[in-house]
Amino acid sequence: MISYMCLFCDIVEHRQGAFIVYQDNYVTAFLDKYPISPGHTLVVPNIHSENFLEMDKDVVGKACSDLKLVAKAVKIALKADGIRLVSNIGESAGQVIFHTHFHIMPTWSEDPEFSSFIPRKEQAEDYYRSMQKIITDTIKSILSKSETDGEVNGYS
Ligand SMILES: [Zn+2]
């Protein structure tokens, strides 16, 4: 086995702390430490691949389905009007960490008030704790609703 350092593999394996909002057999979702907008969340496949184009085709479907779940939860939790879904592939695209990841960045028609939010900086502890709670709770509520609705693929 080749040994190398990968921050996101460490987060997936809980060797590195992060504010995780969702984890299953395919992906791990956690708050971006240096958020561009409030609620900025990352979704990474649990199995290491350098970027989206290198992902095993057998896990792309499951990972994208989870990406949709988390993006939907972030949009609802943050009362956002829209979402930017971004995956940078390659250094020239601005990829910094070479483990496939998707950015979920909420957007609003009119800038909402988030006390003491500073883009691209490490936030106060409160920020991470409150975001983690509202996003986690929203995911649980979406999943429990879809179970009672008896949807085949979990949520709509
Ligand atoms: Zn990795």
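**Talking through the sheet and its helices**

In this predicted model, an open sheet of 5 strands is ordered E1-E2-E3-E5-E4 and pairs in the antiparallel sense.

Colleague: Good place to start. What makes E1 and E4 stand at the edges?

Modeller: E1 and strand E4 (82–86) each have a single partner strand, so one side of each is left without a neighbour in the sheet. From one strand to the next, the twist averages 20 degrees.

Colleague: How do you know that E1 and E2 pair?

Modeller: Pairing requires at least two bridges between the strands. Strand E1 (residues 20–23) and E2 have 3 bridges, in the antiparallel sense, so the definition is met. Ile20 stands opposite Phe30 in E2, and 3 residues lie between the two strands of this hairpin.

Colleague: And what joins E2 to E3?

Modeller: There are 5 bridges between E2 and strand E3 (residues 41–45), again antiparallel. That passes the cut-off of at least two, so they pair as well. Phe30 appears here too: its bridge partner in E3 is Leu42.

Colleague: Why is E2 described as largely enclosed?

Modeller: A residue is called buried if 20 or more other C-beta atoms lie within 10 Å of its own. In strand E2 (residues 27–31), 5 of the 5 residues are buried, so the rest of the structure largely encloses the strand.

Colleague: Which residues cover the two faces of E2?

Modeller: Val27, Ala29 and Leu31 are on one side, with Thr28 and Phe30 on the other, and all are buried. Side chains in a regular strand alternate between the two faces of the sheet.

Colleague: How many bridges link E4 and E5?

Modeller: E4 and strand E5 (residues 102–107) share 5 bridges in the antiparallel sense, with Arg84 opposite Met105 in E5. Helix H3 (residues 125–149) packs on the sheet, touching E1, E2 and E3, and its direction makes about 30 degrees with that of E1.

Colleague: Where does H2 lie?

Modeller: Helix H2 (residues 57–77) lies across E1, E2, E3, E4 and E5, and runs at about 165 degrees to E3. Its buried residues include Ala63, Leu67, Val70 and Val74. The buried residues of H2 pack against those five strands and H3.

Colleague: How do you know that the span of H2 is close to the expected one?

Modeller: The expected span is 1.5 Å times one less than the number of residues. H2 has 21 residues, for which 30 Å is expected, and it reaches 30 Å from its first C-alpha to its last. After H2 comes Lys79, with a positive phi near 50 degrees.

Note on methods:
Residues are numbered from 1 along each chain as its sequence is written. This is a predicted model: local features need pLDDT of at least 70, side-chain atom pairs count only at pLDDT 80 or more; totals for chains, interfaces and linings use all residues. A residue is buried if 20 or more other C-beta atoms lie within 10 Å of its own, exposed if 12 or fewer, and partly exposed in between; C-beta atoms are placed from the backbone. Helices (H or I, at least four residues) and strands (E, at least two) are DSSP runs, numbered from the N terminus. Axes are lines fitted to C-alpha atoms, for helices over the stretch in contact, and angles run from 0 to 180 degrees between N-to-C directions. Two residues are in contact if their C-beta atoms, placed from the backbone, lie within 7 Å.
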